[in-house]
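Trainee: I am new to this structure and would like a close look at a single part of it. Could you take me through that part slowly, and then link it to what lies around it?

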Amino acid sequence: MLHTVNKSPLERNTLASCIRLAKPGSAILLIEDGVYAALADAKSAELVKSAMKNFNFFVLEPDLRARGMTDKPLVDGINSVDYGGFVELSIEHDAVQSWM
Amino acid sequence: MYEEDMDGPEVVKRFCYINRKAPYGTVYAHEMLETVLIAAAFEQDVSVVFADDGVFQLKKNQDTKDIGMKNFSPTFRALEGYDVEKIYVEKESMNERGLTEDDLVIDVEVLDSTQLADLIDAQDVVISA
């Protein structure tokens, strides 16, 4: 399953809930304010790093760019995708769960 | 009588606006900026604080063309022209997000949470979003 998370991990526990309740092996795509979870130097990085062994993480690049974050280091192992990549992820997985 | 009132001494209050939300994900950040400009137009004593995810509003290099929203971060550079010069960022919030003053679109005064508490306590009106 593909899980999308659109809330900042520094303001909400949406990402934490997703990580707790998603089945290992799932893909997690960070979108909108969820992209802040990709920042390597933010305190939320520990949560993402600890989940990295169970999930494939992606971040939506246009949302990262809008927020001026393309010049900051990202957590190792997170893949950037554009809108086309979002569509492909949606097709590759049998269902999409939006965590809001 | 009404005209006399209009010419009387103006009431100036200390207004503090505390920005705690990231830009774009919700409308709060943009609306707060509009509110700050209105208070400035009425020549009030305005302080603007950025804390929690609000510090993300000031991040340099925002480029919103691919998300179809207006990039309002250049407007922060216009605040000085409205005599809004008291702009503060909470140090702890910046550190937790891996940001430094060099990442921000404008010059700010960095305060720790204790200093910020004093600043907020000295205000007549505090508005947070």
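**Where the chains meet, and one strand of chain B**

Mentor: In this predicted model, 19 residues of chain A are in contact with 18 residues of chain B. On the side of chain A that touches chain B, ten of the residues are charged, seven are nonpolar and two are polar.

A residue of chain A that has contacts in both chains is Asp33(A), which, leaving aside its neighbours within four places in sequence, is in contact with Asn6(A), Lys7(A) and Ser8(A), and also with Ala22(B) and Gly25(B). Asp33(A) is found in the loop between β2 (27-30) and α2 (45-51) of chain A, and it counts as buried because 26 other C-beta atoms lie within 10 Å, where 20 or more are needed. Between Asp33(A) and Val87(A) there are 19 Å in space, C-alpha to C-alpha, and the two are 54 residues apart in sequence.

Turning to chain B, the part to look at closely is strand β3 (residues 86-90), which is mostly covered, with four of its five residues buried. Strand β2 (residues 45-50) of chain B pairs with β3(B) in the parallel sense over four bridges, and Val89(B) in β3(B) has Phe50(B) standing opposite. With strand β4 (residues 109-111) of chain B, β3(B) also pairs in the parallel sense, over three bridges, and here Tyr88(B) has Glu109(B) in β4(B) as its bridge partner. From β3(B) the chain passes through helix α3 (residues 91-96) of chain B to reach β4(B), in a β-α-β crossover that is right-handed.

Terms used. Residues are numbered from 1 along each chain as its sequence is written. Chains are lettered from A and ligands numbered from 1 in the order in which they are written. This is a predicted model: local features need pLDDT of at least 70, side-chain atom pairs count only at pLDDT 80 or more; totals for chains, interfaces and linings use all residues. Two residues are in contact if their C-beta atoms, placed from the backbone, lie within 7 Å. Ala, Val, Leu, Ile, Met, Phe, Trp, Tyr, Cys and Pro count as nonpolar, Asp, Glu, Lys and Arg as charged, and the others, Gly among them, as polar. A residue is buried if 20 or more other C-beta atoms lie within 10 Å of its own, exposed if 12 or fewer, and partly exposed in between; C-beta atoms are placed from the backbone. Helices (H or I, at least four residues) and strands (E, at least two) are DSSP runs, numbered from the N terminus. Two strands pair if DSSP finds at least two bridges between them. A crossover is right-handed if, with the strands pointing away from the viewer, the path from the first strand over the helix to the second runs clockwise.
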